[in-house]
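Opening a fresh page for this one. I want to jot down the fold, the core and the charges as I look them up.

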Amino acid sequence: MTEHHHEAGTVLPQAVTVVLALLTLAAVHRLAVRRAVRRNPALSWPTWRTVSFVTGLILIAVALVPPAPAGFPAHMVGHMLLGMYAPLALVLAAPVTLALRALSPAGARRITAVLHSPPGRLAVHPVSALLLSTGSLAALYFTPLYNTAMSHPAGHWLMAAHFLLSGCLFAHAMAGPDPSPRRPGVPARLACLGVAIAAHALIAQALYGGFLTDVQAPIDQVRRGAEIMYYGGDIAELLLAAALVTTWRPERRGGRTPATARPETGISGRTG
C-alpha cells in the first residue's frame with residue numbers, strides 16, 4: 001500500500017525504517033526459537049512455522065517498502081497483502097505458542113492472563129475480529145475516511161497498521177493454531193468466514209459500480225482496485241478456509257481436546 005504522493009526526501013528513511021523493523025522481528029523470532037528448543041530439547045520447533053513467519057514479514061515488506069506504484073490499484077494490492085495474506089502467514093507461525101515456550105513461567109503466565117482476560121477474549125472472538133477487519137472497509141470506502149487518510153502520511157501508516165492488526169486477529173479467530181480461550185466451534189467460525197466473503201464481494205462490487213463509494217481516484221483505477229479486491233480476496237479467503245479445516249481438531253465428549261492433537265505446542269498442562 002502506498003501513499004498518493006511520496007516526497008523524495010522521505011522515501012529512503014521510510015524504506016530503511018520498515019526494513020530494519022522487519023529484520024528485528026525476524027531476529028527476535030529466531031532467538032525465541034533457539035530459546036524454546038534450548039529450554040525443551042525434546043520438543044523441536046517446526047521449520048515450516050519459521051518459514052511461514054518469514055513469508056509474512058516479506059509480504060509486509062512488499063506492501064510497505066517504498067518506492068512503489070501510486071494509485072488506488074496499488075493501495076488495494078497493499079490492502080490485500082497487509083490485511084489478508086501476511087496475517088495468515090504470521091498467524092500460522094503460531095507466535096503466541098512460541099512465546100509461551102520461550103519465556104519464563106512467569107512471563108508465560110502473564111501472556112495467559114491477558115488471553116483469558118475479558119478484553120483479550122473479546123478481541124479474538126470471531127465476531128469482533130470480523131467487525132474490525134471486514135466491517136471497517138465499509139467505513140473506509142463509503143465515507144471520506146479513505147481520502148483523508150491517504151492525504152496525510154500518518155493516516156497512511158495508521159491505515160496500514162489497522163489492516164495488519166485486524167487481519168491478524170481475524171486469521172487467528174478463524175484458524176489460528178495458538179491457544180484461544182472459549183473459541184467458538186468450526187460451524188460458527190465458518191459462518192463468520194462466509195459473512196466476510198459475502199461482505200468483501202459486495203464492497204468490491206459497490207466500488208466497481210461506484211455505488212455509494214467515496215474514493216477520489218480515476219474511475220478506471222477504482223475499477224481495477226475493485227477487481228483486485230474481489231479476486232484477491234476470494235483467493236485469500238479460500239486459503240483461510242483451508243487453514244481452518246487443516247488446523248481443526250475434533251473434540252472428545254466433555255469438550256476436551258486429545259493430548260495428541262497438539263504435539264508441538266508444549267503448553268498442555270504447562271507453559272514450558
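**Fold.** I started at the N terminus and read the elements off in order: α-α-α-α-α-α-α-α-α-α-α. That is 11 helices and zero strands. My helices (H or I, at least four residues) and strands (E, at least two) are DSSP runs, numbered from the N terminus.

**Ground rules.** I'm working on a predicted model, where local features need pLDDT of at least 70, side-chain atom pairs count only at pLDDT 80 or more, and totals for chains, interfaces and linings use all residues. Residues are numbered from 1 along each chain as its sequence is written, and side-chain values use heavy atoms, with hydrogens and water left out.

**Burial.** I looked up how much of the chain is covered: buried residues are 44% of the 272. Buried means under 20% relative accessible area, exposed over 50%, and partly exposed in between (1.4 Å probe, protein chains only). The areas come from the Shrake-Rupley method.

**Core.** Next I pulled the largest nonpolar core, which has 52 residues; Y141, M174 and L207 touch the most other members. Such a core is a set of buried Ala, Val, Leu, Ile, Met, Phe, Trp, Tyr and Cys residues joined through side-chain atoms within 4.5 Å. Among the elements giving two or more residues to this core are α1, α2 (47–64), α7 (126–141), α9 (153–175) and α10 (186–209). The most comes from α3, with 11 residues.

**A171.** I also checked A171, which sits in helix α9. At a relative accessible area of 4%, A171 is buried. Its C-alpha is 9.0 Å from that of L244, though the two are 73 residues apart in sequence.

**Salt bridges.** How many does the count come to? Just one salt bridge, taking a side-chain nitrogen of Lys or Arg within 4 Å of a carboxyl oxygen of Asp or Glu. The pair is R224 and D220, with the closest N and O atoms 3.4 Å apart. They are four residues apart in helix α11 (residues 219–247), so about one helical turn separates them. R224 is partly exposed at 40% relative accessibility, and D220 is partly exposed too, at 43%.

**Positive patch.** Last, I found R30, R34, R35, R38 and R39 gathered in a surface patch of positive charge. Patch residues have over 30% relative accessible area and no salt bridge, with like charges joined within 9 Å; for Arg I place the charge at CZ. I looked at R38 separately: it belongs to helix α1 (residues 8–39) and counts as exposed, at 56% relative accessibility.

Key: Patches are made of residues with over 30% relative accessible area and no salt bridge: like charges are joined within 9 Å, nonpolar side chains (Val, Leu, Ile, Met, Phe, Trp, Tyr) within 5 Å. Accessible areas come from the Shrake-Rupley method with a 1.4 Å probe; for residues, only the protein chains shown count as cover. Lys and Arg count as positive and Asp and Glu as negative; His and the chain ends are not counted.
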